[in-house]
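These are my notebook entries on a model that I opened today. I kept them in the order in which I looked things up.

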Amino acid sequence: MSLWFLRGLRRGVVTTRYPKTPPDPWTATLPTPPSFVTDRLDIATADALVAVCPPAALRREGLELVYDVGACTACGRCLVVADGAAVPSGQIELATQRREDLVKRVAIEGGVQ
Amino acid sequence: MTSPVHGPAGLSTTSSHSADPERLADELSRNVQRWFGRSLHIRTIDTGSCAACESEIRLLGAPHYDLHRLGFFFTPAPRHADLLMVTGPGVRAMDPALTKTWTAMPEPKVVVAVGACALGGVYPTDAFTHGAIDKVLPVDVYIPGCPPSPIALLHGLLVAVGRLVDRVGAQPFTTTTTGPAAASPC
Amino acid sequence: MTSRTTAGPRHNPVLAELATGIGSPQPLGHDSGTLHFTVTAADLEHFTHRLAETAGARLADLFAATGDPPDQVVLNMLWALDADDAYLLIQTQLRGENYPALSDIAPAAFVEECEIFEQFGVRPAGDKPLNRVAVPPQADHDIPRLGAAPRHVDGEVHAPHAVGGHAFEFPFGPVRASAQESLYYGLVTSGEEVVDLYLLTWHKYRGLEWRLQGMLPDAALFYVERAEGLSAVAQAWAFAAAVEHATGLRPDPGASRTRALALELERLYNHAAAIAALCQATGLSVGQAGAEIALERLLRVNAAVFGHRYLFGVVGIGGAQRAPDLGPLQTELPEAVAELRAVCRLLSGTNSFLDRLEATGILTTEQAVRLGLVGPVARAAGVAIDARNQHLQPPYDDVAVHPAQGTTGDVLARYQTFLAEIDESARLISELARRGATAGGTTSPRKAGSGLGWAESPRGESLAYVELDGDGSIRRARLRPASARNWRAFDDACRSQNVFTDIPIIEASFWLTVAGTAR
């Protein structure tokens, strides 16, 4: 048993200081929902994004992309299809008390072909 | 809280939550820090997850996260629980167990929907699943992610007890080629 | 090492003898590692007898599919010929609502017979009672099936277990301890000893095989990974390989090494989690904390290498969707593995831990063979099966695997199997990383075909079978994670001279998920 005790002492403290400090640096490697680059988004790209999104977190309404961050699994398929129009947002603190806060309306501004 | 109390599809909610939801919700959001700020007991329930969310929740108790230091504890009994963490899309076969767990919890109680399945991201509403937890229970806090990392879970729990503010509402999730639109990724 | 390049029936005395009179079995799809032939319903019993008597033949799965015309059902019986590097798929077009009771010959078929009855309405001959597998009693009429729902379901035979003398039945679940999956135990006990135990697993059945019908394989992969999140890589690899075998795709060697890297990382973190769970079940909190530190570090390595803690989104159809960042494999991974080994060294010298594992939850070799068990559970019982080693596919035809093996079949043997496999996976990762790993090739051609795929998950052999229509969409997808196989031995392991408090220890040593069986 004393071996366990010594090991514990030697190992030191590994506990994160979050929330007193920002999330630890390693969290930069976590998958995050995308941010959309509005002036690179055109209707064709938007439709391709909607088609590739497996959990249907995206749908297009006219010149807006309706984006449900809550439904997003951060699978990264849109990042491949978007050709620079989607980038990882880097956001991991996404919890909210209002479901509607997770639904974003993204303007499709890159209409010029 | 502003989350609506649904006439639950298939679930009977006989607690005072459905008696006067508006008043109770207001009271809860005013008092949540006073009631739960220092010590809060968590019960978990799985309604059809893939087991990854459970794995992340288990790690909350591990040395790297140690949620006890924040005054949170897991409890094996719903009657001792203040907060219910629900994973999975709400499989209908779990309805009786979910109702019993929720009604067994004393008031005031907080429901946290954990993961993309529970938020309606993975399964549609169909004969197998409700598709999202807020279709069956009044959800107070939503934690996105597939699965949410333990840090995201900690953030969600602290939002639930009013010790952190939620910031996602102010995030536009857009940017432009010339620079960040309103907020840049951190 | 050999690599299968020519598609053609291989010479094999077992197969040659079996095939007498029906022509030699043909390769399934574009893969000569799976052979198939068709037998009539009348011959089915005979063939099952002969295979069941063949040493080295293991019933790997039994499932049904809609036939042609669609009101008929095709029964698919899958045997693994482990000694001969082959799977053998025997297909039978059924007429009427009955087929020979295969579980009387090969007991491993029973759970699947129940499942086929629920999904297609055909049942084994005789009137043996069938268990509920996926369809909850309160939803008998509402649940969509893969085929036609049974026209008549027997009345509930809940708890057929004779409870007599001083024994009573203790219901436990489906909501169990914190952060455990939903599962119902029916425990028959006299107070301390486990007299009998049965499981109800339908609480979280999500109808995944039904959902996959009509999807394109690329879209289906998203759900396949979420069938059992803790073996996302293995199940996705099995599924992707099935599609590749059906359509003739060949992943390039770099992409196959990417898959194998992810698969071995998956094994490492699962074994670490199983050891942490063993410590928790034996009440050794210090050991649990130590194992959890290693587990968390391994998950962070996963995120650093592949961008996801549970390795979702790594495998793609025809290759891999992501290339690994090999840097952390050389720096952070060895540290995390060393941490895990240091904890395990202490555990292996702690008698209060070992005493709880020894002679607990024993499964004999005979039981493991009879029930068709796979993975560490089977290997610890002396059955040397490992899909990486016996059903060769790139990159394992190039990087040899030395599988672990135990003899005693108790929890201790399973723990020691985990330890040996941790070392072997760490060695494989450095060998694979040395050869380089890439992404690439992620769309499936739109054509018809059938194929079987496999991969060795941390829990054992994961299988997937697909039938594709001409437009490339899925007509039938069968997912068989290792969990679907090994839960059937859980009651046997719990019954043998164990007490209540042994059950969590046995469950941790099996390290199965409910999601995998209730998929």
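Entry 1, a sheet in chain C. Bearing in mind that the model is predicted, I began with the strand pairing, and I found that strand S14 (residues 460-468) of chain C pairs with S15(C) in the antiparallel sense, over six bridges. To fix the register for myself I looked up one of the residues, and I noted that Val466(C) has Ala477(C) in S15(C) as its bridge partner. I then asked which strands make up the sheet and in what order; there are three, they run S13-S14-S15 in chain C, the pairing is antiparallel, and the sheet is open. The edges are held by strand S13 (449-457) and strand S15 (474-480) of chain C, each of which pairs on one side only. From one strand to the next I read an average twist of 10°.

Entry 2, two helices in chain C. Next I turned to helix H5 (residues 217-225) and helix H6 (residues 232-247) of chain C, which pack with their axes 9 Å apart and at an angle of about 155°. Since angles over 145 degrees count as roughly antiparallel, I put down H5(C) and H6(C) as roughly antiparallel to each other. The crossing in which H5(C) passes H6(C) is right-handed. I listed the residues that meet: H5(C) brings Pro217(C), Leu221(C), Val224(C) and Glu225(C), while H6(C) brings Ala232(C), Gln235(C), Ala236(C), Phe239(C), Ala240(C) and Val243(C). Sorted by character, the residues of this contact between H5(C) and H6(C) are eight nonpolar, one polar and one charged.

Entry 3, where chain A touches chain B. I counted 40 residues of chain A in contact with 44 residues of chain B. On the chain A side, the elements that contribute two or more residues are strand S1 (34-37) and strand S5 (103-107) of chain A, and S1(A) gives the most, with three residues. I also sorted that side of chain A by character, and its residues come out as 21 nonpolar, 12 polar and seven charged. I then asked in which sense S1(A) pairs with strand S6 (residues 174-175) of chain B, parallel or antiparallel; the pairing is in the parallel sense, over two bridges. For Val37(A), I noted Thr175(B) as the bridge partner in S6(B).

Entry 4, where chain C touches chain B. Here the contact takes 33 residues from chain C and 33 residues from chain B. On the chain C side, helix H8 (residues 285-306) of chain C supplies the largest share, four residues. By character I recorded 17 nonpolar, seven polar and nine charged residues on the side of chain C that touches chain B.

Entry 5, confidence in chains A and B. Chain A has an average pLDDT of 87, with 96% of the residues scoring at least 70. Within chain A, I found the lowest confidence in helix H1 (residues 2-11), at a mean of 80, and the highest in strand S3 (residues 64-68), at 91. For chain B the mean pLDDT is 81, and 75% of the residues reach 70 or more. I marked two stretches of chain B for caution: over residues 1-19 pLDDT stays under 50, although the model has 39 contacts beyond four places in sequence for them, and over residues 181-186 pLDDT likewise stays under 50, with 13 such contacts in the model.

Conventions:
Residues are numbered from 1 along each chain as its sequence is written. Chains are lettered from A and ligands numbered from 1 in the order in which they are written. This is a predicted model: local features need pLDDT of at least 70, side-chain atom pairs count only at pLDDT 80 or more; totals for chains, interfaces and linings use all residues. Two strands pair if DSSP finds at least two bridges between them. Axes are lines fitted to C-alpha atoms, for helices over the stretch in contact, and angles run from 0 to 180 degrees between N-to-C directions. pLDDT is the predictor's confidence in each residue, from 0 to 100. Two residues are in contact if their C-beta atoms, placed from the backbone, lie within 7 Å. Ala, Val, Leu, Ile, Met, Phe, Trp, Tyr, Cys and Pro count as nonpolar, Asp, Glu, Lys and Arg as charged, and the others, Gly among them, as polar. Angles under 35 degrees count as roughly parallel, over 145 as roughly antiparallel, 65 to 115 as roughly perpendicular and the rest as oblique. A crossing is left-handed if the near helix is turned anticlockwise from the far one by less than a right angle, and right-handed if clockwise.
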